Amino acid sequence: MSRLIILSEKEQREFDYPPILLPEARALCFNIPGDLERKINQLRTPTNQIGFLLQYGYFKASKRFFVNNKYHQEDIEYAAKILNISLDSVHFEKYVNKIPKDHREIILKMLDYTPFEEAEKTWVKYELQTKAEQLIEPEKSFFEILSLLHERKIEIPSYHRLADLVTKSYSSIEEQLSNIIHSLLEDTQKSLLDSLLQTDNKSIKGVINSYKIINQSMKPKAIQASINLFIQIKDVFISLLPVIEALKLTPQASQYYATWIIKAKSSQIKQLSSPGKKYLYLTAFIQHQYYLRQDAFVDIFLKCVRSAKNSCVKHLNKSDKISRNERRTAVKHLTQSRRTYKSLVDEIAEITHSSVFTDISKIKMINELLIKHESNISEKEQEKLKLFEQTLNSFVADNDNYYILEKQSIKLQRRVSDIVKILLFNETNSNQLLIKAISYFRTKDGIISDNSPKDFLSETDRNAILGDGNNSFNTSLYKILLFIYMSTELKSGDLNLKYSYRYLSIHDYLIDEDTWQKEREQLLKITELSAYDNADMMLYDLKILLDEKYHLVNQRYNNQLNPYLSINKNGIIQATTPTLEEKETEHISALLNQNRYVPILRVLSDIDNATNFSMSFKHHTIKSIKHRPKGSTFHAGIIALGCNIGVPKMAQISTGVNENTLNNTVNWYFTRKSLHDANQSIVNMIHQLSLSSIYLADKNQKHSASDGSKFGVAVDSLLANYSFKYFGKDKGISVYTFVDERQSLFHSLVMSASEREAAYVIDGLNNNDVPNIDIHSTDTHGYTESIFAATHFLDISFAPRLKKIGRQCIYAFSAKKTYENKGYKILPSRTINQDIIKTHWDDVLRFMVTIKLKKTPASQLFKRLSSYAKNNPLYKAIKEFGRIIKSLFILTYYDDVTLRQRIEKQLNRVEAANRFSRAIFYANAGEFMQGTSDNQETAVNCKMLIQNSIILWNYLYLSQLLTNCQDSSERDDMVNLIKDGSIINWSHINLHGEFNFKRHAANENPFNMDKILSLRINIAE
């Protein structure tokens, strides 16, 4: 087994040799404090003393140990000088074996580091195995392991030792998958997979190409075409199911292999290095398509049902308006009729109670009254009164709702009946009553009779379907109610798919129970959650902290030390935030505009030269590709997608770019990972610049924020939704962006415009490669109590700007009366339910370990969790724990006006980034021309890369101006001007290209005016 080439030979040498130290760094690393001096003085020989100091200094610099024949001579001389030792007395050939080993143990203890031994090796193997299963690039895995070792203060081993571990992890995965394919894939299955690559007379592209694109249309014909295609894929999937279940591909691995097939031509697939590899890729592609299409059908189903329900509401509202006059008329007539009857009854009562008339006379008089009354009410009037009674009775019975539902049923059935028949539900963890009804529907091919299961329906719905009870069964009403119940249960997590990415039971997304029980302690250690293992101790510490916070806030309020906090007469707390002093912000624009307008292509070129970000674009394969496109081709692709121009148009309006090359580059190199890494290289450079630190409110606390911005979608897209407020009569999506204090954009994603942003907050924070985010802010849409819990586990303070924060509930471990007795004015709403937290604490930890290991995107977990019924124990436990953290934050928010101002300032920055986003994404009216979420995310990441490039270019330009200042006072003045402005500035950037008038000749008219003017068109009268 040959070792994977992770670093070049030059990089390997640099890794395995001690770092080259500049004079300042050498003085720092070889500084000798008192305890080190005592250790050195205890050593007997000059060689041991020099060797010990060199090992100590090198380890401080690199967290690694090196063999003595690689020590730098200048460092040896420096160590000898500060120890006052003659080099003649130093003999490194004697500094071998046990002596340097013993010295390393001492140094590790002195610096509080853990040696890289068997336990650490086991942990690294686990991490690498996880990354290999997800097919993360080996080079990225290598550096992520280095970062983790550094964070956890573990000795970094040699390059070859780490590279061997990386190689073994990836080789074991490949070998395991190859063995499964070789042993389980039968000839019939191979023939089935080979048939996907076959061509016919109509197409030379192969059958597989028709499987690559999922139709995003909601039209009945398009849905039916997708279903027909899915049935073909399903047949292949069912045939391959034993192999798929044995492979146990992670979603990341399945998507990786499938994406390669989607990007490749049939000829490229046929030319894969081995049949086993070809069959593995094709099997993963079928699995991916089956899962993806099941999810897409659920999306279509949910949208169609929601549309039908919305139509019912509109019809009811319209019907209600029409029937108001009818109700008023009916009530008026019936009221008049009641008065008439009351008058008759009163007269009869008067006759009856009279002592003047005999009984015979009374009967005669009553009979005459009745005859007179009946003669006054015509037959027509009686029919009208009966009709009015029926009208009012129908309103009381509320039958209109069912009537309108029934009318919507046929239209809905045309769209979703066949979807219900093909979806494969997980019967073990779904609503059994509903599963029974769905199975009946599928078995009967949608032909429903009165024998159909009705137990899943409410009593009212059952009565409506059965009608008057004379064996009448309303089939249309039954079907639409079945679809509505399915929609509700799919969203609530009580109806789950068996094979899916997004519609599984929440427990299917978590680390499996067996693994959790066996490796719980190790998993908590890996994810740095061991401190949370003991729920009782953790809750006790939080109780002390929360009680202290209540005391401090109330003490300051009662002593009138918090002038911006008040309580109104209704007992509502009001925290006002004084606005920060307005500053002149046009100065930074003036500084940047000194260079006049800068073409966007020049910006990308300059930033690529500074950061080499284009090297982050890797071909969608783990192996390297020999012929790599030029940097300018990457720049063209970034502008094409990031500015929404489109790749074909970009190739046509550009010179020096070949359309085929550009298409191929975007297809194979513009992956989510490559774009993320390219953006990260720019963000890292921004963070290295001294100038960017002027925007930090507190150098010990890094503050970030996130917010969404709405964009229209001009094509069919299952992710897009209607929103009259944002898109009028059109559909759109939301782009959710994360910005740090230095104003760099470190994460961005797309989501449905109808979804709440809170579910995606943890995605950005958990996938952030920039270390040390301490505080994160959102607006109210980005907040839930569960997010407070999750950020606490990530060691990040969640600080949202909550609307009407004084009306928010806050909690405590003691009863409200306890605090009232202390004279507190700011009081808890209720006590924390510690029992629910303690009872389900293990599940909460398992949930968070799953997130921190990135086994499942946090947004997926939170969407499933929040959709569950409110009595779900895991949901209740996480939410209850989040209430503790939320209460701590709100109390801090009340008491800290500076924090409130920081939150406002950071959210203003992300709002500025959203305005910046619209300026960049200018073409095609700023509407997405991509229908799938993957393609939309590619465009969003390209846009973010352009934004970050402009921000870094601004920093570099301003930094250069500062270096040219004549004296420190001039430099300080300019720094203050920059600090008062925003680095998110694009007024000096030419985003729309340049006009070259030199190439245009005055007599080069493309139109033949003589012919045009002589043209005559006969117009029919």
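This is a short walk through two buried residues and one charged surface patch. Keep in mind that the model is predicted, with local features needing pLDDT of at least 70, side-chain atom pairs counting only at pLDDT 80 or more, and totals for chains, interfaces and linings using all residues. Residues are numbered from 1 along each chain as its sequence is written, and side-chain values use heavy atoms, with hydrogens and water left out.

Okay, Phe711 to begin. You'll find Phe711 in strand β4, residues 703-712; strands here are DSSP runs of E, at least two residues, and helices are runs of H or I, at least four, numbered from the N terminus. Phe711 has 1% relative accessibility, so it counts as buried (buried is under 20% relative accessible area, exposed over 50%, partly exposed in between, with a 1.4 Å probe and protein chains only). Skipping neighbours within four places in sequence, Phe711 contacts Phe727, Gly732, Ile733, Val735, Ser917, Arg918, Phe921, Gly926 and Phe928; contact means heavy atoms within 4.5 Å. Val750 is 39 residues away along the chain, and its C-alpha sits 9.9 Å from that of Phe711.

Next, Asn941, over in helix α39, residues 933-963. Asn941 is buried too, because its relative accessibility is 7%. Again leaving out neighbours within four places, Asn941 touches Leu675, Asn679 and Ser748.

Last, the surface. Asp967, Glu970, Asp972 and Asp973 make up a negative patch (patch residues have over 30% relative accessible area and no salt bridge, with like charges joined within 9 Å and nonpolar side chains within 5 Å; a salt bridge is a Lys or Arg side-chain nitrogen within 4 Å of an Asp or Glu carboxyl oxygen). Glu970 belongs to helix α40, residues 968-980, and is partly exposed at 34% relative accessible area.

How values were computed:
Areas by Shrake-Rupley, 256 points an atom, 1.4 Å probe, with all protein chains shown as cover. Lys, Arg positive; Asp, Glu negative; His and termini not counted. Charge placed at Lys NZ, Arg CZ, Asp CG, Glu CD.
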